[in-house]
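This report goes through a single protein chain, from its overall make-up to selected residues. The sequence and the structure come first.

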Amino acid sequence: MNTIISPDINMASDVLRNGGVIIFPTETVYGIGADSRNIAACQRIYSIKNRPRDNPFIVHVDSIESMEQIAV
């Protein structure tokens, strides 16, 4: 597992596309993110946070069309 600290948004995008996990600042706390369509990446977040597996994540999308592709 590699840890890289960088403000490079393109690098973060590459990490997400390749199934990695990123940490990013928000207005109040740091967030942890992964591609919500990648089960292994989501499982990694559960492990990193020691989060119960029945506690769902929030998923951010960029459009209604994106939402319709992943939501029922």
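The sections below cover the overall layout, the strand pair, the helix ends and two loops.

## Overall layout

The model is predicted. The protein chain contains 3 helices and 2 strands, and their order from the N terminus is α-β-β-α-α. Along the principal axes, the C-alpha atoms occupy a box of roughly 35 × 30 × 25 Å.

Of the 72 residues in the protein chain, 15% are buried. Among contacts with a separation of 6 or more, 9% link residues that are 24 or more positions apart.

## Surface and charge

The protein chain exposes an accessible surface of about 6,200 Å². Carbon and sulfur atoms contribute 55% of that area. The chain carries 6 positive and 8 negative charges, and the mean positions of the two sets lie 11 Å apart.

## The strand pair

Strand E1 spans residues 22–25 and pairs with E2 in the antiparallel sense, with 4 bridges between them. The connection from E1 to E2 is a hairpin of 4 residues. One of the bridges sets Phe-24 against Gly-31 of E2.

Which residues of E2 lie on its covered face, and which on the uncovered one? In strand E2, residues 30–33, the covered face holds Gly-31 and Gly-33, while Tyr-30 and Ile-32 are on the uncovered face. This arrangement can be read against a general rule: in a regular strand, side chains alternate between the two faces of the sheet. Gly-31 thus appears both on the covered face of E2 and as the bridge partner of Phe-24.

## The ends of helix H1

Helix H1 covers residues 9–17, and at its start a side-chain oxygen of Asp-8 comes to within 2.9 Å of the backbone nitrogen of Asn-10. Just after H1, Gly-19 has a positive phi of about 85°.

## The loop between E2 and H2

Asp-35 sits in the loop that runs between E2 and helix H2 (39–49). A polar atom of the Asp-35 side chain is 2.9 Å from the backbone nitrogen of Arg-37.

What does Asp-35 touch when its neighbours within four places in sequence are left aside? Its contacts are then with Leu-16, Ala-41 and Cys-42. Of the elements described here, H1 includes residue 16 in its range of 9–17, and H2 includes residues 41 and 42 in its range of 39–49.

## The loop between H2 and H3

Asn-50 belongs to the loop between H2 and H3. Its phi is near 55°, a positive value in a residue other than glycine. As a general matter, most residues other than glycine have a negative phi. Is Asn-50 buried or exposed? Asn-50 counts as exposed because its relative accessibility is 69%, and the cut-off for exposed is over 50%.

Asp-62 is placed in the loop between H2 and helix H3 (64–70). Asp-62 has a relative accessible area of 68%, so this residue is exposed. The side chain of Asp-62 makes a polar contact of 2.6 Å with the side chain of Ser-66. Another polar contact, of 3.4 Å, joins the side chains of Asp-62 and Ser-63.

Note on methods
Residues are numbered from 1 along each chain as its sequence is written. This is a predicted model: local features need pLDDT of at least 70, side-chain atom pairs count only at pLDDT 80 or more; totals for chains, interfaces and linings use all residues. Side-chain values use heavy atoms; hydrogens and water are left out. Buried means under 20% relative accessible area, exposed over 50%, partly exposed in between (1.4 Å probe, protein chains only). Contact means heavy atoms within 4.5 Å. Accessible areas come from the Shrake-Rupley method with a 1.4 Å probe; for residues, only the protein chains shown count as cover. Lys and Arg count as positive and Asp and Glu as negative; His and the chain ends are not counted. The place of a charge is taken as NZ of Lys, CZ of Arg, CG of Asp or CD of Glu. Two strands pair if DSSP finds at least two bridges between them. A polar contact is a pair of N or O atoms within 3.5 Å; within protein, one must be able to donate a hydrogen and the other to accept it, and residues adjacent in sequence count only if both atoms are side-chain atoms.
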